[in-house]
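Visitor: I have a structure to look at and would like to be walked through parts of it. Please show it first.

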Amino acid sequence: DTSATMLPSFLLLSGEEVPLCARGTLASALLCPGAVALAREQLSVALGLHPGRLELVLEGTVLDDRDCLAAEFWSSKGVLSKSDEFVVQVCIAPDPLERQLPELTGRREEELETLKDLNLKERELETLPDAFGSKLPNLRKLRVSNNALRLLPRSFGQLSKLEQVWMDDNHIRHLPPDFGALRKLTALQLEQNALEALPESFGQLAPLQSVCLDCNCLRSLPQSIGQLRSLQKLRLVKNDLEQLPSTFGSLTALRELWLSGNKLTSLPPSFGQLSSLQQLRLARNRLKALPESIGDLKALKMMYLEENILDALPDSMSNLVALRALNLESNCFRKFPSCLAARTAVSMTLEKLWLGFNSLADLSDDSLAGLTALVELGLNRNQLSAVPQGLGEIRKLQLLYLTGNQLQGLPETLGQLPVLRMLWLDDNKLTALPQSCLSAAALPSLQLARLNGNPFAAGSEAEVMQPVLQKAVQECLAAAADAAAEDPEAPAKPKASNDELQTKDGNPFAAGS
């Protein structure tokens, strides 16, 4: 029963108590072997010191990492009496890097105060000197990428003039609680670490313009992040975020937001307040729906939503007047989004639309007709049996992907696309091309066509005069012939023996010949 187990106080020799960031986690493990190691790890984070420099002492007894940390255990050992306070002394070994800062920086001790740019990339550093922040008061740029840093020293917050930091490719799990004291920081690179959380003080970094936190272990963001009113670029790709804070919409200067590869199931209603947002990447999440407020993102140019579980879009998206590229691949759409089908603001400005790998079974006549600005259209790997005649109204279309559907025919208006350059029609059920595409002058801009995997009849290439399509039909027929000749699924036919010879008009043809 851990409910009655008392959590010890941890005191430095100065008498200062060390606050722990995860007391609940430690309290639940006090009776378990290894609780001392867990306490040492938490203390190292709180103090910004390598855990190897910490020694925990209880009433003169040095605690082993394998020990538990319950008062009743140590009472039973005679180390702690019932009248004693449960206080663990935290002893800190001297800093082994105390005198190495000049060597690390390549500067004499008296020159450290003037240092403005420091490059410590790829130095196999596991920690930085305790006095790092106090010894470098004028540092503006710091590069410590590709090391083995697990934490930052407590003095790091004293780098009051620091403007740019590169700390990618380390093993940092926590930032110091006073990280927000870096009041002049404008750019922060922390990708490829092991960050589990950001301190609440993170929101105090008012001048911050660019943050990269890709490939960490973040499960949430502090509410204070909404205070970063200068932030223009935020990258959080490949984390474990399940939701965004309600204050997220306060990032009104944000232009680029990268949230792909998380576990988001929804976006906060305030999301539409991101009035400067131009690029939004939300691929590979668990989004079931988008908030109606998303239609307020009037500056949005690119939206990537592939690999979610969306089956519809809010009607408000028809108001996205600046949207140029929309990726909806690998979702759960069964119907063409209605906000794109009508002649709305977004349908007349959208240039690239990807809807492949969904479950679209049919398109209404007006599904495509309003998309007059489209340059690229992806509808591959759906269940389409036909394409509407409205396709011909997309006069600017250059790339058309229709691979892997159930198409038995194509609209006659296909031949009306004057700038179509590339056409993918593999793996359908086409037996012929529309008359509008057969003449040598049809589709004058076409450079590439793919028709493999369609059941064209032998000799059908003869009626196709359009050179690129004629070549595509020939390749399709040749591939079909090769597949028939070398079908690995077909059972091997045994060779006829002399006794099995049959005759045809007096000739000894072998059986099966």
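Guide: Contact means heavy atoms within 4.5 Å. This is a predicted model, in which local features need pLDDT of at least 70 and side-chain atom pairs count only at pLDDT 80 or more, while totals for chains, interfaces and linings use all residues. Residues are numbered from 1 along each chain as its sequence is written, and side-chain values use heavy atoms, with hydrogens and water left out.

Visitor: Leaving aside neighbours within four places in sequence, with which residues is Pro 137 in contact?
Guide: Pro 137 sits in the loop between α5 (132–135) and β6 (141–143); helices (H or I, at least four residues) and strands (E, at least two) are DSSP runs, numbered from the N terminus. The C-alpha atom of Gln 158, 21 residues apart along the chain, is 7.1 Å from that of Pro 137. Without the neighbours within four places, the contacts of Pro 137 are Glu 113, Ser 160 and Lys 161.

Visitor: Is Pro 137 buried, partly exposed or exposed?
Guide: Buried means under 20% relative accessible area, exposed over 50%, and partly exposed in between (1.4 Å probe, protein chains only). Pro 137 has a relative accessible area of 27%, so Pro 137 is partly exposed.

Visitor: What is the strand order of the open sheet of four strands?
Guide: Strands of a sheet pair through backbone hydrogen bonds, either parallel or antiparallel. Two strands count as paired if DSSP finds at least two bridges between them. In this sheet the pairing is mixed, and the order is β1-β4-β2-β3. The edge strands, each pairing on one side only, are β1 (9–12) and β3.

Visitor: Which residue of β4 is the bridge partner of Leu 11?
Guide: Strand β4 (residues 87–92) pairs with β1 in the parallel sense over four bridges. In β4, the partner of Leu 11 is Gln 89.

Visitor: Which side chains of β1 point to one face and are buried?
Guide: In a regular strand the side chains alternate between the two faces of the sheet. Along β1, Ser 9 and Leu 11 point to one face and are not buried, while the buried side chains on the other face are those of Phe 10 and Leu 12.

Visitor: Which residue in β3 stands opposite Leu 58?
Guide: β2 and β3 pair in the antiparallel sense over two bridges. Opposite Leu 58 stands Thr 61.

Visitor: What is the phi of Glu 59 near?
Guide: Glu 59 lies in the loop between β2 (54–58) and β3 (61–62). At 48% relative accessibility, Glu 59 is partly exposed. Glu 59 is a residue other than glycine, yet its phi is positive, near 50°.

Visitor: At what distance does the side chain of Asn 308 reach the backbone nitrogen of Leu 287?
Guide: Asn 308 has a relative accessible area of 5%, so Asn 308 is buried. Asn 308 lies in the loop between β13 (302–304) and β14 (325–327). A polar atom of the Asn 308 side chain lies 3.4 Å from the backbone oxygen of Glu 306. For the backbone nitrogen of Leu 287, the distance to the side chain of Asn 308 is 3.0 Å.

Notes:
Polar contact = N/O pair within 3.5 Å; in protein donor to acceptor, adjacent residues only side chain to side chain.
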